[in-house]
Amino acid sequence: MSEEKSKKPANTAFKQQRLKAWQPLLTPKTVLPTLFIAGILFAPLGGVFLYQSDTVNEIIIDYTHCKDNNGTAQVLDDNLYSYKFTKEGDLPPRIPSYRFTPNPVAGEPGNCTIRFNTPIEIKTPVFLYYKLTNFYQNHRKYVKSLSYSQLNGDIITAQDAAASCSPVNANEQGQIYYPCGLIANSMFNDTFAVTFLNSPGSQTNATMNFDETGIAWPADKKRLHSTQMNSAELAPPPNWVKRYPDGYTADKIFHPQDDEHFQVWMRTSWYPTFRKLYSALRDNTLQAGIYEVNVVLNYDITAYGGTKSIVLTGTSFLGDRNPFMGLAWIVMGCVCTLLGVVFLGWHFFKPRKLGDHDRLSWQQSGGPGQPQ
Amino acid sequence: MFSDYSLSSINSEVPFESTEMLDCSTPVKLNTEKKSGFLSFFQRPKQPQTDVPRIIPMLLPPNQKFLGNHVSTAKYNPVTFLPKFLYVEFSKSANLFFLFISGIQQIPNISPTSRYTTLIPLIIVLLITAIKEIIEDYGVHKSDHQLNSRQCKIYDGTQFIEKQWRDVKVGDICRVESKEFFPADLILLSSSEPEGLCYIETSNLDGEVNLKIKQALPETSSYLSPTDLINLSGTIACEQPNNRLYNYEGTFTLNLADGKQKDFPLDPSKLLLRGAQLRNTSWIYAIVVFTGHETKLMLNSSKKPTKASNVTRITNRNILYLFTMLVMMSILCSVGNLVTSTKAGNHWSYLQIQEKERAKEFGLCILTFMILFNSFIPISLMVTMEIVKFVQSVMIDNDLDIYYAKTDTPAVARSSSLIEELGQVEYVFSDKTGTLTCNEMEFKECSIAGLSYATTADPERRPNSDNDSEGQYSFKQLEQHMDHSKHANIIQEFMTSLMTCHTVIPEQVKDSEEIIYQASSPDEAALVQGASDIFGYQFYARRPHSINCKVKDQDVQFEILNVCEFNSTRKRMSLVLKDPEGKIKLYCKGADSVILERLASNDLFEEATLHHLEEFASEGLRTLCYAMREIPVQEYQSWSTVYEAASTTLANRSEELDKAAEMIEKDMILLGATAIEDKLQDGVPDTIHTLQQANIKVWVLTGDRQETAINIGYSCKLLTEDMDLFICNKDDRVSTETFLAQKLSELEQDVQKHSETPFSNALIIEGKCLTFALEKEMERLFYDVATRCKAVICCRVSPLQKALVVKMVKKFSKSILLAIGDGANDVSMIQAAHVGIGISGVEGLQAARSADFSISQFRFLKKLLLVHGSWAYQRLSKMIFYYFYKNVALYLTQFWSWTMSCFNVFFTILPPMAIGIFDQFASARLLDKYPQLYMLGQKNEFFNQKRFWGWIMNAVSHSALLFFLGMAAFRQDGVFDDGWSGGQWWVGTTIFTATLATILWKAALITDIWTKYTFIAIPGSMGIWFIFMPLVSYVGPLLPWGIFMEYVGIVPRLFGNVNYWLFIILVPFTCNLRDFLWNYKRMYRTKSYHYIQEIQKMNLPDYRPRMDRFRQAVNKVRKIQRLKLSRGYAFSQNDSDQTKIIRMYDTTQQKPTG
């Protein structure tokens, strides 16, 4: 070993930039098969998706203006409802109607009875959603306005609440709202009960057993815990006064882990029109016939300039009825096939020799840089 | 002769105007230049003082205050560093923008992102830059310090003591020894050589490597020891410091022994400049006149400028565009926000926005949106760019192909920020000596008595007989011819003339037989060396009136009778001597044209020799013709009196001497010719040819004379036989202008006539003409002519002119200019060009140090430009655009899911890095083989504004597709078969995944080659995301900061959901389908580089080598057919002074020790 270290660079593939490498080139040999394979795969798959989406029955009824009803059954305008059934049933579909029943107690919300029919049997499970429009759950201020640690049961200070929940953080007495924040405060609180009218073989109405549990993500349920704070330090949010008219006491306090509707609501939606699961019918099918949904109108959506609807729907493995996935795949499949055909034709009629020396621009006459 | 040259005459005559041709206009130029560093600083205070002479009393403290000899070329000092550095950094628009953004991020409750997301990267970027600057400047400080603490000997009144350079003061007398550099500008007092002569080398100043002679005043040249110096006293009055290298005027007032004072004029021949080196002279005494920054060298240098690459400039501009876009979007969004929220009125009571805050809210909203969108302008891009460029420069440092084993020097990329500039060069300005040539002359071939000889004879021209003028003999055969050939006497005479007719000084190396030949002309040294080494005709001692030689180990002495000096008009030199036999002979060497005119009629060898000369010239050799005549004693005696008379005339002495010489230089016999090779560096012709193929124009700027320069031009294939040479060597402004104007119109007519043929003209311009051509009014004309020529050679240029030529082209053209040189005289040019390359060769490291890149051989330029440059340019443009694309695409789609935005760096940093470091659009081999690919960079094919907007449109369309497809797919949000809703975070994450996949897919599409690192980077980034996601979801909530709460429990919902997978497969495919087919467009809108890529992929054999051979053959035929006037005469010799050398030197005598 010599003392003087040579400055000679190492002869490694990395340093000499001679790393083994793959050089993909888009030539007809690779591009045309890609297009055709994509086409052949995508279009049929899309067909399957579309078919699956179409197996879902869906009933949407807008009941925003039910509270303005005069107490007699009112048949809905076309734009207020939508029926999507997979096939024509034995019964003709009936245009839904609703009727408002004011609450005898002054100041208490009235009831809305929505009546619709399903011409065919809707297979289980059937999901009942409420659907809101023009409600910006995705607003930057709104989304951030909650305290995860409060919902986790931790003790939070007034400062914490102000930091994460402002402006709905504490009342004038200094009691922290529980749960605090804009999201919780604006929670949707209409309730729904579904009845089957004149079920066959029976003259009585049967209450359908729509289950209000299992509607939230299991994780949402798990992460929430009752608060460890003293109930005296806490107050229900302003809009929750009806639910807790006397504020919180040691035995009457909000338990977030038990309120799945709350959990559903807290999973904010990304789009101003959204539906949220209210309950699910899992043990019985929705037979063909007439149904009534009794809604307690606690929630005044008109104040927010939006609408509210109920949605009754089944699901496929792709979720609820949405032809997008199917259509998109079909379209992409077709586009790819079409492009494949175009380029195949192009290649067939106007082939080009690969790596042709003679077509290098400077090989042609008068190219720059070419000494004459 | 020494008339009273008073100071008043200096003042009244305005001495610096237009007497010296070479440099008179340059200082004017410089003043009009932008204030550059201390040049302007020192010129300002000088202005009022120009009329006042500088008075320097010897050995006494001066009345005037002068600058010390301390020199500082550093950019910063500890105090000025921070303000200067910050000022420079924040004058960059990108940095200013980031500062602004991080400023508004500090306002609480506005920022949707963390306060420090911009500030910390900004600080990191600045820190890296600062450290780089500090390291660089530290190096300068160190070398300054080294220079300042060099030792030199200063006279203290009794003896010479060692002092550091920094302590040298004006008025000091110093002693400089051989091979030492002068510590300041000095006036020569005396030297070890006779008559106060000394030799200096000034390559640091003007790049000329031949020795120059300086001579002291006869009155001072006798002070040869410290004791003598005690008696020396006087005053120097001279001009104020200025940057004119070739001017100096002053008066030396000497106190004579009798108490009287006498004035002696001082001129440049007595001035020794800082930067020059004492050679062949054991010591000198000299008095210091200018010190430190007032020396001519320092006044000629400029500070190292900060250079930014073209790509960086465009990037900065694009950042500005994006910034405008961002401001507009922020305002638009805020207005939208205001309008909708006003329209919604109370409807948004669930948001509880206070009515009265609207205005404030609006203002804050703009700022919020700005922060939100600020990631459009990626600060991480700056960091990534620095890293990528750094790695690329490491790659250059490590390239074996441009590593020079002989000197163990690898290439060094000093400023990595200019690396992509190497891919866009359009003009190369090259120095000659040391860059193109090795600065070694070699006696290669000769023609004697009509026969051609060479070191190694051309095998294709084997002679048929012993007397075949068509063939070529080897030097070995010459030895035989010398003994027994009918022209043996001619050969003898030829050898004798080689040995005697020159001005070389032999120097015996101590303790050895070896003799070193010192010459002011390297050609002569090579010839004498050749005669001695090859033929055994050794010249070993010079005396004032004779020279001693050994012919085949026999001592011979020649008496030198007369010398007729060489000068550029005569183009020849003659020597009249008396040989040992007592015959008087005239030996003459010079240009073929002047020698042939003076031959006796019917010369035997004229035709054959001429033929040989042409051959030599076509090989790029420098030729000289030799002739002789025996002079009858009577003729000599009569001529001798004429000559004596001429040499003593006072008026027009040199003309008289020329006339006298003319009388005797006639009826000569042609002996033959020599051919010297000015040895080119390896691979120079090939490199120049390749660069020209790559559409790079090569300009050679040299201090050499015109003939030499043209010669080198031919030998390095810069000039070819089919080129028309425009030689501009006029003496005055008007004729230069007419010449250029005429050539321009010719060129323009040429274009009109045959629009297809490319220009095959070359412009050769002399330094003197260049002075005029670079004047304001003529610049443009000169530029127009020069750029229309295929090659340009500027000869006899000063270092400043080199820089001015570069600056002139820079001024009129948007092209990227590269300057390459090896000496200190190239520094200004290297600094003026966009990219400066220094040859780290033998001539010191000044050029390499001030250059942006240094290589050790000119031929390495080829790989540096064609491969590294192209790659760097292509990689960086791809990377930068991709970076913009990815950020715009991400943020336009993702602004609602801002949590991710802070972390996008993790998932998307690798692909741009992989592209920036590993991508190769064509392999090194093919880039080298097809230099034409380089034109892509010159035309800025990959990094133009069109492409930028294309990429931005691409990003916008991708994000729009992602957004709207996402909307269509997840509008109802019912994606689970058990009825659950996904919610904001589910949808956000899904779209983010799809966006990421789109972006990575795009990266995959633009990647030309996939190394293992590319695989790690591109699919790997997707993998990182799939690891990161569960990590965040499961581990995030456990962390104490309460981050990532939104992602709790999301993983099983995502990965278990079929819609998620369908979406992230389909949507990126949809987005990239257009891009995929756009890439496939190569089949039908094929660009040249596409073919090359195919050639590379399919490993096609190419037929170009055969083509090359064919072309070579054609050239050879052409060469043979060619009957050009050029016969390759070139000789570098200073005018005058030769007699002095011959008459003064006595190499057999001991010199005074001083």
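A residue counts as buried when its relative accessible area is under 20%, with a 1.4 Å probe and protein chains only. That cut-off serves several stops on this tour of a predicted model.

Begin by selecting Phe135(A), which has a relative accessibility of 0% and is therefore classed as buried. Keep it selected and add Trp265(A), which is likewise buried because its relative accessibility is 0%. Across all chains the structure holds 88 aromatic pairs, and Phe135(A) with Trp265(A) makes an edge-to-face one, with 5.5 Å from centre to centre and 70° between the planes. Colouring by secondary structure helps here: Phe135(A) sits in the loop between β6 (126-132) and α2 (140-143) of chain A, while Trp265(A) belongs to helix α7 (residues 260-266) of that chain, so the pair ties together parts that are 130 residues apart in sequence.

Now widen the selection around this pair. Phe135(A) and Trp265(A) are members of one aromatic cluster, in which Tyr63(A), Tyr130(A), Tyr142(A), Phe188(A), Phe192(A), Phe274(A), Tyr278(A), Tyr299(A) and Tyr304(A) also take part.

Next, move to chain B. Tyr873(B), at a relative accessible area of 1%, is buried, and Phe942(B), at 7% relative accessibility, counts as buried too. What is the arrangement of the rings of Tyr873(B) and Phe942(B)? Their centres are 6.0 Å apart and their planes stand at 40°, so this pair is tilted. Tyr873(B) is part of helix α28 (residues 860-894) of chain B, whereas Phe942(B) is found in the loop between α33 (935-938) and α34 (945-970) of chain B, so the contact ties together parts that are 69 residues apart in sequence.

Then switch to a surface representation. On chain B, select Tyr116(B), Ile120(B), Ile124(B) and Ile128(B), which together make a nonpolar surface patch of about 350 Å². Tyr116(B) lies in the loop between α5 (93-105) and α6 (119-148) of chain B, and with a relative accessibility of 41% Tyr116(B) counts as partly exposed.

For the last stop, select Lys350(A) together with Lys946(B), Lys1081(B) and Arg1085(B), which gather in a patch of positive charge on the surface, with members from chain A and chain B. Following chain A to Lys350(A) leads into the segment after α8 (324-349). Is Lys350(A) buried or exposed? Its relative accessibility is 58%, and Lys350(A) therefore counts as exposed.

Conventions: Residues numbered from 1 in each chain as written. Chains lettered and ligands numbered in written order. Predicted model: local features only at pLDDT ≥ 70, side-chain atom pairs only at ≥ 80, totals over all residues. Heavy atoms only, no water. Patch = residues over 30% accessible without salt bridge, like charges linked within 9 Å, V, L, I, M, F, W, Y side chains within 5 Å. Areas by Shrake-Rupley, 256 points an atom, 1.4 Å probe, with all protein chains shown as cover. Salt bridge = Lys/Arg side-chain N within 4 Å of Asp/Glu carboxyl O. Lys, Arg positive; Asp, Glu negative; His and termini not counted. Charge placed at Lys NZ, Arg CZ, Asp CG, Glu CD. Helix = DSSP H or I, 4+ residues; strand = E, 2+ residues; numbered from the N terminus. Buried < 20%, exposed > 50% of the residue type's maximum accessible area, 1.4 Å probe, protein only. Phe/Tyr/Trp six-rings, centres within 6.5 Å; stacked < 30°, edge-to-face > 60°.
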